[in-house]
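Work through these exercises with the sequence and the 3D view side by side. Try each task before you read its solution.

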Amino acid sequence: MAPRTNGVGIRPEETRICVVMVGLPARGKSYIAQKAQRYLKWLSIPAATFNVGNYRRNDAPHPSADFFDTNNAEGERKRRAAAEAAVADMMKWFKSGGVVGILDATNSTKERRKWVLDRINQEGVDVIFVESKCDEEELIMANIRDVKTTSPDYQGQDPEQAALDFRNRIRNYEKVYKTINADGDEDHLTYLKIMNVGRQVIINRIQDYLQSRIVYYLMNLHIRPRSVWLSRHGESMLNLEGRIGGDADLSHRGEEYALKLPELVLESVGSDRPLTVWTSTLKRTIATARHLPKHYNQLQWKALDELDAGVCDGMTYQEIADMYPEDFQARDEDKYNYRYRGGESYRDVVIRLEPIIMELERSEDILIISHQAVIRCIYAYFMQKTQEESPWVPVPLHTLMKLTPRAYGTEVQIYKAEVKAVSTWRGKGSTAKHEDPKPEGGV
Amino acid sequence: MDTLLTAEIAANAPRYRRKSSTFIDGIHDVPSEVGNLAPAQLYSTMSGRLFHSGRIAIVMVGLPARGKTHICVSMARYLSWLGVKTRIFHLGDYRRATVGQGGHVPQDYFYPNASPASVMLRQKILKKCREDIYGWLNHENGQVAIYDAVNPTASGRRALAKEFAKHDVQTLFIESFVDDQEILKENARNVKISSPDFHGMDPDEAAKRYLKRIETKIPVFETMAEEELNYVKMINAGQAFFYNNVSFNYLSHRIVFYLTNLHIKHRTTFFVRAGTATEEDSYKADAPLSAEGEAYAQVMAETLMRHREQERQAIIDQGGPDVPLRPLTIWTSTRLRTIQTAEPLEKLGYKVRHRSQMSQINPGVCEKLSERAIRNLYPEEVEKHELDPYHHRYPRAESYHDLAVRLEPIILELEREQNDLLIIAHESVLRVLYSYLMHCSTRDIPKLKFPRDEIIEIIPAAYQNEAKRIHIPGLDPRMIPGSPEDIRIPVPPGFDDFGKRLSPISIPAMMMGTPPSATEVTVGFATGDRKGSISVSNTGGLRSVSGSFSGGERPVTEKIVNNTAKEMVEDKVEDED
């Protein structure tokens, strides 16, 4: 039987956590929720966000600010019903194997938090409250302008009017809002409170490693604008032969790409501000980076080395299919989890890339020159690709990719070097040496 | 210059010493070589500093018995592991060195309205300590200086931050704030119990008196609330953290992450090897246990159970409380032989977790090659390897450094774990994890020995950890040193005091010339005669080959390796700043 992975990432057994967001509207709660979900899913930790607003919209699609007035009994009832529906769905999801559920709502009163805590604990799920508290008027206004004027609540309305209404909605929340443990009687809660975008942080009663990991990740997030550039190495001698792995030199055309890369990077960056360059420890990425400007800092990471194909290293796909037919088939069935004999699976690569992602989150402009599988994994993190999709994403040679994280997703730009190269993409079941990627999907 | 400074630190701070054995926790050693103490350094620069962060002073804040030493030592351990050059400066060491053996500071030493003579003395001690901090940061390429002192007043802390800033050093304060009486009493009991002052006294009474003494000695203490300073306040040993982040800084986040996983509960870690497998020579084949391997798993499990029970009994016999054994959790890699080695324990109902990060070091091209072949095929690589066996990687292989980086998340979980922990893994993984807990130099890590007939037990203590070795009786001698799954990556010739330096584990004379089935990773050569003895690729007695170690006694029963942790704790009793 082909070897199967039995690693389960960093997930501790039997842990189930509900991350409950807390905070007034326009404090970046959804941004935090979205980032946390992406990070966890990428680590194979089943995570999902339950946005109470979406449930409420079923009932009240375009409410005015009055709806959120605590004296409005009808509004109050509907909002409570929405929260109940969201929590009920989350519980169903936990029963089907969920590990980290994120409840995205304001949860701005003690009473609501108590209700959420009791309701969720009752099902044997731990709760960590994550509060974003911000008093800087400018930041709040920027957030209101950017995000809320595009909110489904205000669809088709005048943006000025929408912003005004939204301000009023926030006022209504402010009337009843209590920050966590403001009265000193919520000290038993597990919570993370981020104040003024990380200027102050309170961490209370972290219960396990996974919680500490989430807290650490959230503390590393920053909101300064930046981009990440990804490129594979130039075409290698083994690429030409259709062989995988190895530590080969660049082909003639690969050299050509290395020479062209500085120009391509300059075009994409748009100025001569220096990037930090991360390569793997293999010859072909180091050679690809060697013509980049001298004032770029270059670092080699073992963690960026190509997926280790174990016994199949240096073989063509045909040779693998001939020698290890069962393995070849098993890999196509579940490419993400298939671990080469004596080598790695995509899942293993993701685990070893985790420190890289943490570094990426806290860094600014980085250019990564690495390998097909590794770039697929990093790309999957930024683009939220599923485990079924990510191992099949075409990442052509001689192409530079620029990823720019935005509030609700990541923007991608592609720069082609116009230097010919073989294709190393392979479709399911195929043993072709060089095959053109299917037109749909991918980069 | 450097040696002078080091010598002076050594003279003024008697606990700084050079490492004498890998069985003693090296966390307080003065590194004997520049840059050899960074198992998981992510990247390095010419200066040896992480270039994102400049020079940093971590300044501890907190009254005695708040666990400051434990926090300092743990942080230093973790930061050094990450490749940050870190050193702890305990102000108490300087005070003791100044007042001399058996001397005492004046009664009003810590008072805000102390006499001029006491103020002078205080200033003198502080000055000496700070000079050493600057000396180390400026001339010895240090990056993080951990300044362990009470620092009780806000004005003092502000002045300190200003002074450090003048020297171009960023300051991060870490306060350990405890108002939970149980934790206080526990801390006081643990550290102060051995003091002659409290001899024969009821432990609770001793703890109470000790805490009282602190109050009288240090009457003024202001907890941190300085908005303009970077600080982390750790409340009741990690129950809560308050983090005031003036300047965004990678290291401080990292430290908070680490601290959220730190706890003060007492628990031990055991290391054992996996049993021998059927297909012995291959890294790539994930072979199951052989019959001998299965027998080993059984005996190992029995020995461990017996040992834990004996230790519990020993505590009771010494008048300790009759408490049940702490729960035990087992971690293995995802390799079959480690999983199978855990099976006898799993059958007893212990929880086993498999961690893919704990797979053995990847031998790359060296797999299945004899050392002779490696030398023939990759003479240049062998040369490079000999210069730096820790960081060098053979083609396609992992270096120990790569392995350490991969194991970093495991380190944090190791800190987090509250149960006793048994780690069953390949020797290469044990080396790296052991080096974290015992702070070994990167020069020693590739050569640490974990023979199969020993369970290694690491017992944590605030000032430094202790290592114990428990003999597993009745094993087939062939399997003891053998590492069939190992790689024969050559390591450079040993040092003159090779045997002594490495560890007190001795290789019995009878082990020489074991059958070739028992292969050995670390193939040594005779000191000063490299060419002569290359092909000794498969005996456990390689150190005997080097000639510097001549067999010797193997502990028949459990043997405790003495170190001086106890003496140091005693010394701490008077350490009240």
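## Exercise 1: Three loop residues

Glu418(A) lies in the segment after β12 (409-416) of chain A. Helices (H or I, at least four residues) and strands (E, at least two) are DSSP runs, numbered from the N terminus.

Two notes before going on. This is a predicted model, where local features need pLDDT of at least 70, side-chain atom pairs count only at pLDDT 80 or more, and totals for chains, interfaces and linings use all residues. Residues are numbered from 1 along each chain as its sequence is written, chains are lettered from A and ligands numbered from 1 in the order in which they are written, and side-chain values use heavy atoms, with hydrogens and water left out.

**Task.** Classify Glu418(A) as buried or exposed.

**Solution.**
- Learn the cut-offs: buried means under 20% relative accessible area, exposed over 50%, partly exposed in between (1.4 Å probe, protein chains only).
- Glu418(A) has 67% relative accessibility, so it counts as exposed.
- Check its backbone too: phi of Glu418(A) is near 55°, a positive value in a residue other than glycine.

**Task.** Now do Ala26(A): is it buried or exposed?

**Solution.**
- Find Ala26(A) in the loop between β1 and α1 (29-42) of chain A.
- Its phi is near 65°, a positive value in a residue other than glycine.
- The relative accessible area of Ala26(A) is 7%, so this residue is buried.

**Task.** State how Gly314(A) counts by relative accessibility.

**Solution.**
- Gly314(A) sits in the loop between β9 (297-300) and α11 (317-323) of chain A.
- Its relative accessibility is 22%, so Gly314(A) counts as partly exposed.
- Now look across the fold: Gly314(A) and Gly246(A) are 68 residues apart in sequence, but 5.3 Å apart in space, C-alpha to C-alpha.

## Exercise 2: A helix with a buried face

**Task.** Find out where the buried residues of α7(B) fall.

**Solution.**
- Start with the span. Helix α7 (residues 203-217) of chain B has 15 residues and reaches 21 Å from its first C-alpha to its last, close to the 21 Å expected at 1.5 Å a residue. The expected span is 1.5 Å times one less than the number of residues.
- List the buried residues of α7(B): Ala206(B), Ala207(B), Tyr210(B), Leu211(B), Ile214(B) and Lys217(B).
- Look down the axis of α7(B). These buried residues fall within an arc of 130°, so they line one face of the helix. The arc is that of the directions from the helix axis to the C-beta atoms.
- On the other side of α7(B), Lys208(B), Lys212(B) and Glu215(B) are exposed.

## Exercise 3: A covered strand and its neighbours

**Task.** Which strands of chain A pair with β1(A)?

**Solution.**
- Strand β1 (residues 17-22) of chain A is mostly covered, with six of its six residues buried.
- Sort the directions. Ile17(A), Val19(A) and Met21(A) point one way from β1(A), Cys18(A), Val20(A) and Val22(A) point the other way, and all are buried.
- In a regular strand, side chains alternate between the two faces of the sheet.
- Two strands pair if DSSP finds at least two bridges between them.
- β1(A) pairs with strand β3 (residues 100-104) in the parallel sense over four bridges. Val19(A) has Ile102(A) as its bridge partner in β3(A).
- β1(A) also pairs with strand β4 (residues 126-133), again in the parallel sense, over six bridges. Cys18(A) has Val127(A) as its bridge partner in β4(A).

## Exercise 4: A hairpin

**Task.** How many residues lie between β11(B) and β12(B)?

**Solution.**
- Strand β11 (residues 454-459) of chain B is joined to β12(B) by six bridges, and the two run antiparallel.
- Ile458(B) has Ala467(B) as its bridge partner in β12(B).
- The two strands form a hairpin with six residues between them.
- Six of the six residues of β12(B) (residues 466-471) are buried, so this strand is largely enclosed by the rest of the structure.
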